[in-house]
Amino acid sequence: MSFGLNAQNTLQSEEVEKVLVNWPQEQHALQHRLDVNKQDYETFFEVYKSTLDSDKRAFAKLAWKGVLTASNVDAYMSTLFEKHMALLKQFMSAKATNPYASTQNHKNPTSTCYPSDSNIGFEKGTLSGWNAYYAINNSSSSFNLSAPVGGTCGNVTGAANDPTTNMGTAGTTDYQVSIMTGGTDPLATAIPRVSPTGGNYSVRVGDSTNPDQGVAILNQEFTVTAANAQFQYQYAVLLENPIGHTYSEQPFFSVLFLDQNGDTIKSAYQFIVASSANKAGFDSVFYAGNNDYAYYKNWTSNTVSLASYIGQCVTVQFEVGDCSLGGHFGYAYIDASVAPLGINEVQDNSSFSVYPVPATNKLNVTIADNSFTPIQATVYDITGRAVFTENVNMQKNAITLDVSRLDNGVYILMLTDGNTKRQTKFIIAK
Ligand SMILES: [Ca+2]
Ligand SMILES: [Ca+2]
């Protein structure tokens, strides 16, 4: 940013206007200087919007008062630019420590890997099948949660080792993780506490203002099968908006899927912080307790394909945290469901050629990729039921399966070499 000198040494109003109008472009220079991608930059801009806006107002004020002159404005803007650069660097550094970038650090001790999903939509009216934990948010310039305490919830409503908390309604006590049976959120009354498409029960994860720095974690570890390979979760979230907190210090909502090694499945990862009212899908509501606003998103649904993890014990984990500095809350309502591996979800592996189409008694698959030597085949019907599994022996880059026992229809063939699984569809017509 450079100002042309003018005779009076004061800034001309049109020059000030030009800077204000160009302010976003000035900010974009930051993005390019640090080579930050657009999505990260937009998140940065949302999270630090209050600081960036306030700096813009301060500039305008000083310019109009004549404090900024042609001789000092370039130095002022340069200092401001450096300040914003430092903020952006801090943001990118914090991002590098969140679970999206780091692996193996989010697996909590769970007692049971269920052979299939268990009470996944809470329709038993309990937390049976689920584990709940409580942790402290110690994040500062990077993400840091204390070691979570807790474990299986069993047939009771409430998280293990949860502190007693107050949740909106005077005189009531609640848990870090609680079954919801109806009603609306006490603060954002537009939010039903049970998902409109989630049956009779949902769950609330997190707390209001007490205790401070609380992080609630709810998870389930289960074996992915063709019958539950499409995992759908629904959430409605409320995150108070603290001014002047860094990215990693803010209340957050996070959904993680962990593979059998505890590594984050990155394609399914979601992390949301309270940021600005401009955040897509969010509305704001006044929170009298802190004389500020909370941002909320009403029930939203996401579907995650776990088709590549069939046979693995995966963990689905919801985490909702207060801010790390103290009094700002975060909590969410959550529900979940599963559906069979859908025929439409199956991406035919590009290295496979399947013939004949349709097949009658024999199915042949040639495999163009030399790095994949299948040792086992499993055939699923369209409901996700495994019809048969058998060992296969690849000869001349091809396998042949006896499919004479199958009725007419569309099927999914899953081949594994012991490490990876690949899939394709085939049709039987006799
Ligand atoms: Ca439900
Ligand atoms: Ca709290």
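In strand S10, the bridge partner of Leu238 is Tyr296, and this pair offers a way into the model, in which helices (H or I, at least four residues) and strands (E, at least two) are DSSP runs numbered from the N terminus. This is a predicted model, in which local features need pLDDT of at least 70 and side-chain atom pairs count only at pLDDT 80 or more, while totals for chains, interfaces and linings use all residues. Residues are numbered from 1 along each chain as its sequence is written, and chains are lettered from A and ligands numbered from 1 in the order in which they are written.

The pLDDT, which is the predictor's confidence in each residue from 0 to 100, has a mean of 84 over the protein, and 88% of the residues reach 70 or more. Over residues 1–7 the pLDDT is below 50, although this stretch has 13 contacts in the model beyond near neighbours in sequence, where two residues are in contact if their C-beta atoms, placed from the backbone, lie within 7 Å.

Strand S6 (residues 230–240) and strand S10 (residues 292–305) pair in the antiparallel sense over 10 bridges; two strands count as paired if DSSP finds at least two bridges between them. Both belong to an open sheet of 6 strands with antiparallel pairing, in the order S3-S4-S12-S6-S10-S9. At its edges lie strand S3 (177–180) and strand S9 (283–287), each of which pairs on one side only.

From the sheet one can turn to the nonpolar core, a set of buried Ala, Val, Leu, Ile, Met, Phe, Trp, Tyr and Cys residues joined through C-beta atoms within 7 Å, where a residue is buried if 20 or more other C-beta atoms lie within 10 Å of its own, exposed if 12 or fewer, and partly exposed in between. The largest such core has 91 residues, of which Val205, Leu218, Val237, Ala332 and Ile334 touch the most other members. Its largest share, 7 residues, comes from S6. Leaving aside residues up to four places away in sequence, Val237 touches Phe253, Ile272, Tyr296, Lys297 and Ala332.

Strand S14 (residues 362–367) has a covered face, made up of Leu363, Val365 and Ile367, and an uncovered one with Lys362, Asn364 and Thr366. In a regular strand the side chains alternate between the two faces of the sheet. Strand S13 (residues 352–355) pairs with S14 in the antiparallel sense over 4 bridges, and a hairpin joins the two through 6 residues. Strand S17 (residues 398–402) also runs antiparallel to S14, joined to it by 5 bridges. Val365 stands opposite Val354 and opposite Ile399 in S17.
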